[in-house]
Amino acid sequence: MRQFKFSLNKDQIDFLNNHSLFGFKDKSSMVRASISLLKRKIEKNELKKSATLYAEVYQEDEELQVLTESAILDWPEE
């Protein structure tokens, strides 16, 4: 694994020093888990923004609505 050097404030250092209280074997595993969690959160927010944008475009485009409705007419029902 690659290593990086970065700076933390006292509160962040104190938090990392308590890694075992949160079930992490070491500081590095806690940082990796935190970065993964942040990455998933950012990706989820971006997906929500994208879905909102597509919904707005769909609401404003009558041709797209007609096309969508015609496409689902022959869609098999469950």
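Start by selecting Lys10, which is exposed, with a relative accessible area of 59% (exposed means over 50%, buried under 20% and partly exposed in between, using a 1.4 Å probe and protein chains only). This is a predicted model, in which local features need pLDDT of at least 70 and side-chain atom pairs count only at pLDDT 80 or more, while totals for chains, interfaces and linings use all residues. Residues are numbered from 1 along each chain as its sequence is written, and side-chain values use heavy atoms, with hydrogens and water left out.

**Stop 1: helix 1**

Keep Lys10 on screen and add Asp14. The two form a salt bridge, with the closest N and O atoms 2.8 Å apart (a salt bridge is a side-chain nitrogen of Lys or Arg within 4 Å of a carboxyl oxygen of Asp or Glu). Why are these two separated by about one helical turn? Because they are 4 residues apart in helix 1, and helices here are DSSP runs of H or I with at least four residues, numbered from the N terminus. Asp14 counts as partly exposed, at 32% relative accessibility. Helix 1 itself covers 10-17.

**Stop 2: the nonpolar patch**

Step back to Phe4, in the segment before helix 1. Is Phe4 buried or exposed? Phe4 is exposed, and its relative accessible area is 63%. Now select Phe6, Leu8 and Ile13 as well: together with Phe4 they make a nonpolar surface patch of about 410 Å². Patch members have over 30% relative accessible area and no salt bridge; nonpolar side chains (Val, Leu, Ile, Met, Phe, Trp, Tyr) are joined within 5 Å, and like charges within 9 Å. The accessible areas come from the Shrake-Rupley method with a 1.4 Å probe, and for residues only the protein chains shown count as cover.

**Stop 3: two rings**

How many aromatic pairs does a search of the whole structure find? The search finds 1. Select Phe15 and Phe22 to see this tilted pair, with ring centres 5.0 Å apart and 45° between the planes. For a pair, ring centres of Phe, Tyr or Trp (its six-membered ring) lie within 6.5 Å; planes under 30 degrees apart count as stacked, over 60 as edge-to-face and the rest as tilted. Phe15 is partly exposed, at a relative accessible area of 42%, and Phe22 is also partly exposed, at 45%.

**Stop 4: into helix 2**

Move on to Asp26, which caps the N-terminal end of helix 2. Look for its side-chain oxygen, 3.3 Å from the backbone nitrogen of Ser28. Then colour residues 27-60, the extent of helix 2. Try a distance between the end C-alpha atoms: they are 50 Å apart, which agrees with the 50 Å that 34 residues should span at 1.5 Å a residue (the expected span is 1.5 Å times one less than the number of residues).

Within helix 2, pick Ala33. Ala33 is partly exposed, with 32% relative accessible area. From Ala33 to Asn45 is 12 residues in sequence and 18 Å in space, C-alpha to C-alpha.

**Stop 5: charges along helix 2**

Side chains of opposite charge can pair when their charged atoms come close. The whole structure holds 3 salt bridges. Besides the one at the start of the tour, show Lys39 and Glu43, whose side chains meet at 2.8 Å, N to O. Lys39 and Glu43 are 4 residues apart in helix 2, so about one helical turn separates them. Both are partly exposed: Lys39 at 49% and Glu43 at 43%.

Next come Glu46 and Lys49, which form a salt bridge at 3.5 Å, N to O. This pair also lies in helix 2, 3 residues apart, about one turn of the helix. Glu46 is partly exposed at 44%, whereas Lys49 is exposed at 54%.

**Last stop: the loop**

Finish at Asp61, in the loop between helix 2 and helix 3 (62-72). Asp61 is partly exposed, with a relative accessible area of 30%. Add Leu73 to the selection: Asp61 and Leu73 are 12 residues apart in sequence and 19 Å apart in space, C-alpha to C-alpha.

Note on methods:
Polar contact = N/O pair within 3.5 Å; in protein donor to acceptor, adjacent residues only side chain to side chain.
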